[in-house]
Amino acid sequence: MISQNLKTILDTLPVGVALAAVSKFQPISSIEEAYNAGQRIFAENRPLEMQQKFAALPKDIKWHFIGHLQTNKIKYIIDYVSVIESIDSLRLLEAVNSAAKKVDRIVDVLLEVFVAKEQTKQGFSPEEIVSLYQNHFLHEFSNVNVVGLMAMASFTDNTDQVEREFSAVKHLYDTVNSKYNGNLKTLSMGMSGDYKIAIKNGANLVRIGSSIFGSR
Ligand SMILES: *Cc1c(COP(=O)(O)O)cnc(C)c1O
């Protein structure tokens with residue numbers, strides 16, 4: 001079931017688009033099934049859950065953190081996390097930078113962009129992102145590598161709106177690279193319900209959970 005779902009999705013992904021299998025709330029056995037089918041990138045949104053799964057599973061898994069990260073919980077992931085996709089404030093970026101310094105790592109991170117209509121979603125506005133680059137603010141962080149942007153679209157059936165939101169993030173990504181030498185490589189957009197629209201609008205990393213593992 002899981003391996004078949006995985007294959008079905010992988011078959012639809014164009015070359016150059018990577019898949020993070022969102023395994024939050026799923027048991028170890030489900031992750032093992034996806035791992036045995038070849039999947040290596042898994043994404044979690046709770047630090048302690050990720051730590052337990054990291055300890056129990058093969059060490060060549062790349063763990064992406066995709067949830068709101070409280071600064072007092074960075075310690076549960078900083079040793080092994082591959083990418084923190086959900087940097088949603090400068091305070092968090094600073095805290096991740098100093099935690100990474102302590103364990104002598106340089107950690108890849110994505111800045112989360114807020115474009116959806118819902119107030120509950122976190123992140124930087126596009127204007128804030130531009131100003132971080134304009135002011136060379138990210139140069140101050142020696143132990144984080146900002147390698148891309150992450151975004152979620154509004155939860156709506158209105159595909160035009162979803163498309164507009166993804167395309168705004170792609171525009172921001174291109175602007176940061178062309179005007180500010182941002183050197184961004186990863187554009188993480190798209191979940192089970194909207195990943196095809198995200199890819200059409202330039203995503204090169206999609207985060208898919210329920211279409212692989214079933215409902216949570
Ligand atoms: C849960 C989650 C996903 C995956 O959602 P599905 O609809 O299950 O594919 C993707 N991104 C983030 C940030 C999530 O929290």
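In which loop does Ala203 lie? In this predicted model, Ala203 belongs to the loop that runs between α7 (195–200) and β8 (205–208). Its relative accessibility is 5%, and because buried means under 20%, Ala203 counts as buried. A long stretch of chain separates this residue from Asp79: the two are 124 residues apart in sequence, and their C-alpha atoms are separated by 28 Å.

The ligand makes a convenient next stop. The space that the ligand takes up is the largest pocket of the model. Around the ligand stand Val22, Lys24, Ile66, Met152, Met191, Ser192, Arg207, Ile208, Gly209, Ser210 and Arg216. Sorted by character, this shell comprises 5 nonpolar, 3 polar and 3 charged residues.

Polar contacts can be picked out within this shell, and readers setting up an interaction list may like to have them together. Arg207 places a polar side-chain atom 2.9 Å from a nitrogen atom of the ligand. Ser210 takes part through its backbone, with an N or O atom 2.8 Å from an oxygen atom of the ligand. Arg216 uses its side chain, where an N or O atom is 2.8 Å from an oxygen atom of the ligand. On its own, the ligand has 380 Å² of accessible area, of which the protein covers 90%.

Backbone geometry offers a couple of points to look at in the loops. Most residues other than glycine have a negative phi. Phe25, although not a glycine, has a positive phi of about 65°. Phe25 is located in the loop between β1 (18–22) and α2 (28–36). Is Phe25 buried, exposed or partly exposed? With a relative accessibility of 43%, Phe25 falls between the 20% and 50% limits, and therefore counts as partly exposed. A positive phi is also found at His136, another residue other than glycine, where the value is near 50°. The loop that holds His136 connects α5 (126–134) with β6 (144–152).

Two further loop residues complete the tour. Gly190 lies between β7 (186–189) and α7, in the loop that joins them. At 1% relative accessibility, Gly190 counts as buried. Between the C-alpha atoms of Gly190 and Ser125 there are 18 Å in space, with 65 residues of separation along the chain.

Towards the start of the chain, Leu13 sits in the loop between α1 (2–12) and β1. Leu13 has a relative accessible area of 12%, so this residue is buried too. How far apart in space are Leu13 and Glu140, C-alpha to C-alpha? The distance is 36 Å, for a pair that is 127 residues apart in sequence.

Methods: Residues are numbered from 1 along each chain as its sequence is written. This is a predicted model: local features need pLDDT of at least 70, side-chain atom pairs count only at pLDDT 80 or more; totals for chains, interfaces and linings use all residues. Side-chain values use heavy atoms; hydrogens and water are left out. A residue is near a molecule or strand if one of its heavy atoms lies within 4 Å of it. A polar contact is a pair of N or O atoms within 3.5 Å; within protein, one must be able to donate a hydrogen and the other to accept it, and residues adjacent in sequence count only if both atoms are side-chain atoms. Accessible areas come from the Shrake-Rupley method with a 1.4 Å probe; for residues, only the protein chains shown count as cover. On a 1 Å grid over the protein atoms alone, a cavity is a set of points where a 1.4 Å probe fits but cannot get out, and a pocket is an open set with protein on both sides within 12 Å along at least five of seven lines; lining residues have an atom within 4 Å of a point. A molecule sits in a cavity or pocket if more than half of its atoms lie within 2 Å of its grid points. Ala, Val, Leu, Ile, Met, Phe, Trp, Tyr, Cys and Pro count as nonpolar, Asp, Glu, Lys and Arg as charged, and the others, Gly among them, as polar. Helices (H or I, at least four residues) and strands (E, at least two) are DSSP runs, numbered from the N terminus. Buried means under 20% relative accessible area, exposed over 50%, partly exposed in between (1.4 Å probe, protein chains only).
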